[in-house]
Amino acid sequence: MRELLNCLHVRFIALKIGLFLLFFHIIGAQAQGLMFNSNDSLLNKRTSYDVFSIHPQLFQDRLSINFDLSLWDNKNLGYIFNLTGKNNSYSLSYLYFNGAAYLNFNIDRKSNKLKIPIQTSQLHKRKWIKVKVDFDLKADNVKIYIDNQLYQASGLWLEDTITAKLIFGKNQYYMEVPDMAIKNLVVENSQKSFTFPLDESVGNIVHNNNGEEIGLVDNPVWLINDSYYWKLNYEHTFKQVAGLNFTTVGQKLFIYTRDSLIVYDSEKSNAVSTAFKKRAPVAMLLGKSIFNAREDKCYIYEAFNVPPGTPSIASLDMKSMTWEAIGKAQFIGQRHHHNIFYNKTQDSLYLFGGYGLYTYYNNFFKYNRNNDKWQKTIFKGDTITPRFFSAVSNVNDNNEVYLFGGYGNESGSQVVGGRQYYDLYCINLKTHIIKKIWNIHPNEVFVPANNLVLSSDGKYFYALCYPHEIFKTNIKLYKFSIKDGSYQIVSAPIPVVSERIESDINLFLNNKTNQLLCTIQEFIDPNNSIIKIYSLSYPPVSAASYSQFHKWQIKHWFKLIYIVPLLAAILLIFVLIWLYKKKIRRNIIPVIDEFEDELPDRKKIDERKINAVYLLGEFMVFDKKGRDVTYLFSPKIKKLFILILLYSKENNGISSKKISQLLWPDKDVAKTKNIKGVTFNHLRSAMCDIDGIELTLLNDIYFFSTDEAFYCDYYIVLEIFKKGSEGQQTIDNYLQMINRGSFLSSMTDMWLDGFKSDFEELLLNQLLPLLDKLYAEENYKLLLEISRLILNVAVFNDTALKYQLKSYRRIKGIDYTKKIYEQFVTEYKKSLGVDYAVSLDKILH
């Protein structure tokens, strides 16, 4: 009994800690807000948010409406909200006219009571204005606070009591909606209060901060998605060398060639091209540059291989659009993926590291404009090992820059190979002292892109990171703590193709629009490239936070009330069963025939049959009641389901266009609309009784949102592979699932080939290293089982064959081993047409 109590006590404490952390995470998450489809949208697509649609509320004596408002409309009339009482309705409307913006408080269809000016500097997306509308129902007046500035009116014919029908955006009276967003809505009086964080990510139901369903919204645009999913804003192909940078003066990104300049305005989402009167004097090879805010100039430069007699450095005046040749200094060899940065006063230009001539560098150089030389500069303190692919921040108020990560080695010679670095250095440009802050060992393998973005409080930095040695890969945004190196992934991935060393990735922060901008330049050859610009609302949200928003938005507090006692009961049952089995095992003496031919029959394990999907072996689907509903998935529905399921795991979803191309390749994409819609309807019907998985459409991307209630054997095996554990329990876990059969063995669609080959590669990478270990441990039975699985995937794998035969030699003798070998070489000759080159004697000795 004491053992039982101790076990229960430990589990109960763990449960309480987990629930407390979950509670803290949810209430501490930052609200993102609701954006409205405006007058630019068709009438039936405009946003309407009925705050108390589900639970109408009665307010007495006083009614206060508080919210944060973002406006960026400079052409329309629109309605912020409409409040309808018994006899009158009231509205807060917006009008931009003749270059001036106003909020108007009205008694609808009777009179305008207040005209409140709004500064045009406040009219920016995600620039928030605090609004408080305070109705004194008994005194018949209203006080409106705009960023704490008071405006008031009386004589409103208010009733002492009002059943508030409060609607933001399109309402029963007015269709006009401005370009706007709201967040942190609070509706209250002295008796009651309702807080709406507006932190949903999908759906039409709006919850208060207690998780209760209170209101409904039509055509919502949930802003949290803009803080997690990168949006492709611009893409252009260049047939000559192009470079890019960001002006902190105008808060705009610009792309340059020798002949022209393209300025991309992320606030207006447009690009304007201007031809230079005279070509850039530098013959661009890589097109690198740095922006000088003090001078409002962009300095482009080439580090190596500049044509004789031509400048290597030139400046572009962003106001006059004129070029000036600066100097001809260059290095002996190329410096691919180096770092360049200014000091605080932007009068000293530094260059660090890079790669060229089979060498990684760690020298610091400072450009001396007087004698036109890159002069080596000595820094004291900690040493930064030779590397390229590092990332550097802009200089801070202390005249310091941070340098993070990279790829290289201690010697600097490429001959001895390279490694990723995950260290952070603080470089003081006044004292010339380097201080190493930390070195971490992340689970992922990556290098950072060129530049770091520091948080406003100086405690964190953001970096785009990706595995540079994989040419088709994904970039993710990371948030690192400057203090200790702890980090979070704070965005969905961006696909990128990095086939050439010239490929370039940058990260910029637009303080005007509160957006992070990611630029990707993919080179086809040294002169031809594609530049893509992505945006992400700042600050971003972590992957964990985004998952929690989505996972908890439906009655999460209601669920907790019932889940906690249920979990406690389940834990008690598991503990009692564990103790009972432990007691039984003490009284059993195991009898093991170490030369038994039979392999472990893992197929006899109990398979989960609640909200479960099996992709290994026979395709099977079970609903929330444990019923086999596989029959509901006809061949086309099955393919659509599996397609979205696989892309949701590996690529965060699949576009509608790509679905059409893969499932109906013989039809024009435009002509698949009807058949695709019908197939999706059938899919939703087939999935309706499966909990833990939801089909979501966002920005024309379909994906499945899943939580812990949903089970997929393929998902589980991938997670086990990623953890890379070699413990017996882990091995047993994935062998039990893999033994069901091959991955989607009954399907032969070409679009599955990549997934199948990737899975088989992961399987081999996980299983092959175990063979030598198990053989040394004389665990022949498990070794034979694993080698059989490998040979099912890679029929003629030499390593698996070797250990299989050596194990049979140990447990079955040489005659049986010869029989297995002869079967193998016969099949080898039949399949490949040649004799197997390795003899049995050579394999066994």
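Partly exposed describes a residue whose relative accessible area falls between the buried limit, under 20%, and the exposed limit, over 50%. With that in hand, welcome to some close-ups of this predicted model.

**View 1. Lys639 and Asp749 meet in a salt bridge.** At 24% relative accessibility, Lys639 counts as partly exposed because its value lies between the two limits. Its partner Asp749 is buried, at 17%. The closest N and O atoms of the pair are 3.0 Å apart. Lys639 belongs to helix H4 (residues 635-650), while Asp749 sits in the loop between helix H8 (728-738) and helix H9 (753-776), so the salt bridge ties together parts 110 residues apart in sequence.

**View 2. Asp50 pairs with Lys165.** Here the closest N and O atoms are 3.1 Å apart. Asp50 lies in strand E2 (residues 48-50) and Lys165 in strand E12 (residues 161-169), so this pair links parts that are 115 residues apart in sequence. Asp50 is buried at 15% relative accessibility, whereas Lys165 is partly exposed at 36%.

**View 3. Ser529 is a buried residue of strand E45.** Its relative accessible area is 0%. The side chains of Ser529 and Gln521 share a polar contact of 3.2 Å. Beyond its neighbours up to four places away in sequence, Ser529 touches several residues, including His236, Phe238 and Phe523.

**View 4. Three strands make an open, antiparallel sheet.** Their order is E48-E50-E49, with E48 (654-655) and E49 (693-698) at the edges. Six bridges join E49 to E50 (residues 701-706), and Glu694 stands opposite Ser705 in E50. Helix H6 (residues 673-687) lies across E49 and E50, at about 0 degrees to E50.

Conventions. Residues are numbered from 1 along each chain as its sequence is written. This is a predicted model: local features need pLDDT of at least 70, side-chain atom pairs count only at pLDDT 80 or more; totals for chains, interfaces and linings use all residues. Side-chain values use heavy atoms; hydrogens and water are left out. Helices (H or I, at least four residues) and strands (E, at least two) are DSSP runs, numbered from the N terminus. Buried means under 20% relative accessible area, exposed over 50%, partly exposed in between (1.4 Å probe, protein chains only). A polar contact is a pair of N or O atoms within 3.5 Å; within protein, one must be able to donate a hydrogen and the other to accept it, and residues adjacent in sequence count only if both atoms are side-chain atoms. Contact means heavy atoms within 4.5 Å. Two strands pair if DSSP finds at least two bridges between them. Axes are lines fitted to C-alpha atoms, for helices over the stretch in contact, and angles run from 0 to 180 degrees between N-to-C directions. A salt bridge is a side-chain nitrogen of Lys or Arg within 4 Å of a carboxyl oxygen of Asp or Glu.
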